[in-house]
Amino acid sequence: MAGGQERILRGRIRSVQATKKITRAMELIAASRIVKAQQRVVAAVPYSDLITEVVRDLSAAGAGSSAPLLAGRGEVKNVCYVVLSADRGLCGGYNAGVLRATEGEIKADALAGRGHVVVAIGRKAESYFRFRGYNIAESFAGFTDNPTYAVAKEIGEYVTSLYESGQVDRVELVYTRFITAGSQEVVQRPLVPLEQEVTEGGDAKAATGHDYEFEPSPDTILETLLPRYVEARVYAALLNAAASEHAFRQRAMKSATDNAEELIKNLSRIMNRARQDSITTEIMEIVGGAEAMNSGN
Amino acid sequence: MAESNGTLRVELVSPERVLFSGDATQVITRTLEGGEVAFLPGHAAFLGALTENHTRIYLADGRIQNVAVHLGFVEVGADHVTILSDAAELEEDIDAAAVRAAKIRLEEQLRTEHSTEVEAELRRTHARISATGGLSTGH
């Protein structure tokens, strides 16, 4: 009987050890990907900085007062949320963070009488909002751990068309911003119409104040530029989200590995005790048997 | 730099990374409606939208960097030229033979059907061919 328990425990230890190997491997993979993802975030900064500067210079020159992407709408009836989640789980609170933040916003909008449209990025967002019966306009998935600019372009074009067709009056990006490997935060950023502070100078560098020559006209340039600007913003968000996803996954897998170690330690202790118990019982039986035979003689 | 204002600081930036950066004496590119423009050091501040084109960067050391730029923007100041493009290819990254084959295929395709998609791809192909030395000189 006692030997049976020992065998069961040995089996459980072996299975926990196998799980630990897997979580450990996933932790190492995520850790190596953080670095690469972080480099991509940094590499994308010059483009988005420059394009912001150009938009600002153009607005300073008086262009785009009529551009639909710049002009906000007086009454906001429908809000579009672009939610950046992961394709896979096993990354701690990463998905829950963005999904909960978005759901909260949607509920607040509903109370204020505004409708919502969800553009789900990543499988987790899609299944979450579909299951709960939210209005999903479109979903994009299969790239969240390694996004390309082409994907950002596709999303940007889709969102822009949603806005221009009048189906939504505002577009918000919800994603996890990557600050450092140790800290990320869920943020919500307006995407369309473009923020006034961006176009008017705002917090960052003020417009350079050059008297630019334009070719073609400022309005025409702005018209081709604004979609690119939206894409660049989406791309930056995708890269941030990817880096955050890897960071979350690394942390989740690290604690899973630690947990497995703890479990193995406890199980080994119980198993050793069980084995010792069975040995003791066996010795007692032998000794008892020998005694009985001796006394019988 | 030999003299402080004798060169232009040229940067070619794509969304993914900085493709090229260096000092040059002249940059020639093509805007959406205006045709080719050349920028020399001391040029007035300029902002333009670019069409598919073959951009030439005359480097300070005498070499010429050829680039196929497929739509984008150029921002120019007295001492710098910044080209923003979501699709640009340096000469050395283009497979000249493959591009020539593509040109023939696309032209064939255009003969049978009219498609703005194919036309745009053909314009990009022309920019690539021009950037890799034109049709005559086989690279």
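In which sense, and over how many bridges, do strand E1 (residues 8-13) and strand E8 (residues 80-84) of chain B pair? In this predicted model, the two strands run in the parallel sense and are joined over 5 bridges. Within this pairing, B:Glu11 stands opposite B:Thr82 of E8(B). Strand E8(B) also pairs with strand E7 (residues 72-76) of chain B, here in the antiparallel sense and over 4 bridges. B:Thr82 of E8(B) recurs in this second pairing, as the bridge partner of B:Glu75. The connection from E7(B) to E8(B) is a hairpin of 3 residues. In a regular strand, side chains alternate between the two faces of the sheet.

Strand pairing also links the two chains. Strand E6 (213-215) of chain A pairs with strand E4 (residues 46-50) of chain B in the parallel sense over 3 bridges. In this pairing, A:Glu213 is placed opposite B:Phe46 of E4(B). Across the interface as a whole, 24 residues of chain A are in contact with 22 residues of chain B. On the side of chain A that touches chain B, at least two residues each are supplied by helix H2 (45-60), strand E6 (213-215) and helix H7 (218-296). By class, that side of chain A comprises 16 nonpolar, 3 polar and 5 charged residues.

Two of these interface elements, H2(A) and H7(A), also pack against each other. Two packed helices are described by the angle between their axes and the distance between the axes. The axes of H2(A) and H7(A) come within 10 Å and cross at roughly 150°, and the crossing is left-handed. From H2(A), the contact draws on A:Tyr47, A:Ser48, A:Ile51, A:Val54, A:Val55 and A:Leu58. The contributing residues of H7(A) are A:Pro218, A:Ile221, A:Leu222, A:Leu225, A:Arg228, A:Tyr229, A:Ala232 and A:Ala236. The contact of H2(A) with H7(A) contains 12 nonpolar residues, together with 1 polar and 1 charged residue.

A further helix of chain A, H4 (residues 123-131), has as its buried residues A:Lys124, A:Ala125, A:Glu126, A:Tyr128 and A:Phe129. The elements covering these buried residues of H4(A) include strand E1 (78-84), helix H3 (94-111), strand E2 (115-121) and strand E3 (136-140) of chain A. Just after H4(A), A:Gly133 adopts a positive phi of about 75°.

Technical notes: Residues numbered from 1 in each chain as written. Chains lettered and ligands numbered in written order. Predicted model: local features only at pLDDT ≥ 70, side-chain atom pairs only at ≥ 80, totals over all residues. Contact = placed C-beta atoms within 7 Å. Nonpolar A, V, L, I, M, F, W, Y, C, P; charged D, E, K, R; others polar. Pairing = 2+ DSSP bridges. Axes fitted to C-alpha atoms, helices over the stretch in contact; angles between N-to-C directions. Left-handed = near helix turned anticlockwise from the far one by under 90°. Buried ≥ 20, exposed ≤ 12 C-beta atoms within 10 Å, placed from the backbone.
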